Amino acid sequence: MFNTLEYEHDFMVTCEIERLDCTSCGTCWDSCPDFFEQNPDDSLSQINEKFRIEGNIGQGDVPADLEDCIKEAVDVCPVQIIHLID
Ligand code: SF4
């Protein structure tokens, strides 16, 4: 039988932040505060806990309803370190 959950996961887009190159400018969490946030310890951008993949603060699943604002953050990050991977 067709497994809907597995199907959706296979095609989900992943977002990655190259955190070590983040300048803490805040543009991403201003653009998309439901997905990006500032890490309180190192001040760099990280992904909101509920979207992280296996607890990785720099890698997360992109929910459909936040895809547009995450894409905007990708475009406006001044050092271009946010990436979407199909
Ligand atoms: S927009 Fe880019 S440089 Fe600025 S806080 Fe976000 S990830 Fe870091």
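**Exercise 1. The ligand shell**

Task: Find which of the 14 residues around the ligand come nearest, then sort the shell by class.

Solution.
Step 1. This is a predicted model, in which local features need pLDDT of at least 70, side-chain atom pairs count only at pLDDT 80 or more, and totals for chains, interfaces and linings use all residues. Residues are numbered from 1 along each chain as its sequence is written.
Step 2. A residue is near a molecule or strand if its C-beta atom, placed from the backbone, lies within 6 Å of it.
Step 3. Around the ligand there are 14 residues, and Cys22, Cys25, Thr27, Cys28 and Cys77 come nearest.
Step 4. Sort by class: Ala, Val, Leu, Ile, Met, Phe, Trp, Tyr, Cys and Pro count as nonpolar, Asp, Glu, Lys and Arg as charged, and the others, Gly among them, as polar.
Step 5. The shell then holds nine nonpolar, five polar and no charged residues.

**Exercise 2. Confidence**

Task: State how the pLDDT averages over the protein, and where it is below 50.

Solution.
Step 1. pLDDT is the predictor's confidence in each residue, from 0 to 100.
Step 2. The protein averages 91, and 87% of the residues score at least 70.
Step 3. Over residues 1-7 the pLDDT is below 50. Beyond near neighbours in sequence, this stretch has zero contacts in the model. Two residues are in contact if their C-beta atoms, placed from the backbone, lie within 7 Å.

**Exercise 3. Elements and sheet**

Task: List the secondary structure along the sequence, then give the strand order of the open sheet.

Solution.
Step 1. Helices (H or I, at least four residues) and strands (E, at least two) are DSSP runs, numbered from the N terminus.
Step 2. The protein has three helices and six strands. Their pattern reads α-β-α-β-β-β-β-α-β.
Step 3. Two strands pair if DSSP finds at least two bridges between them. Four strands form an open sheet in the order E4-E5-E1-E6, with antiparallel pairing.
Step 4. Strand E4 (52-53) and strand E6 (82-85) are the edges, each pairing on one side only.
Step 5. Now count bridges at E1. Three bridges join E1 to strand E5 (residues 56-61). Four bridges join E1 to E6.
Step 6. Read off the partners. Glu16 stands opposite Gln59 in E5 and opposite His83 in E6. Thr14 stands opposite Asp61 in E5.
Step 7. Split E1 by face. Cys15 and Ile17 make up the covered face, whereas Thr14 and Glu16 lie on the uncovered one.

**Exercise 4. The core**

Task: Name the residues of the largest nonpolar core and the elements that give two or more residues to this core.

Solution.
Step 1. A residue is buried if 20 or more other C-beta atoms lie within 10 Å of its own, exposed if 12 or fewer, and partly exposed in between; C-beta atoms are placed from the backbone. Buried residues make up 19% of the 86 residues.
Step 2. A nonpolar core is a set of buried Ala, Val, Leu, Ile, Met, Phe, Trp, Tyr and Cys residues joined through C-beta atoms within 7 Å.
Step 3. The largest core has 12 residues: Cys15, Ile17, Cys22, Cys28, Cys32, Phe35, Phe36, Ile47, Ile70, Ala73, Cys77 and Ile82.
Step 4. Strand E1 (14-17) and helix H3 (67-76) are the elements that give two or more residues to this core.
Step 5. Follow one member. Not counting residues up to four places away in sequence, Ile82 touches Cys15, Ile17, Cys28, Ala73, Val74 and Cys77.
Step 6. Set this against a general tendency: in soluble globular proteins, nonpolar side chains tend to be buried together.

**Exercise 5. Residues in H3**

Task: Place Glu72 and Asp68 relative to Cys32.

Solution.
Step 1. Glu72 is in helix H3, and so is Asp68.
Step 2. Glu72 is partly exposed, because 14 other C-beta atoms lie within 10 Å. Asp68 is exposed, because 9 other C-beta atoms lie within 10 Å.
Step 3. The C-alpha atoms of Glu72 and Cys32 are separated by 8.1 Å, at 40 residues apart along the chain. For Asp68 and Cys32 the values are 9.0 Å and 36 residues.
Step 4. Not counting residues up to four places away in sequence, Glu72 touches Ser31 and Cys32.

**Exercise 6. Positive phi**

Task: Locate Ser24 and Glu54, then give their phi values.

Solution.
Step 1. Ser24 is in the loop between E1 and helix H2 (27-31). Its phi is positive, about 60°, although Ser24 is not a glycine.
Step 2. Glu54 is in the loop between E4 and E5. Its phi is positive too, about 50°.
Step 3. Ser24 counts as exposed because it has 12 C-beta neighbours inside 10 Å. Glu54 is exposed, with 5 other C-beta atoms within 10 Å.
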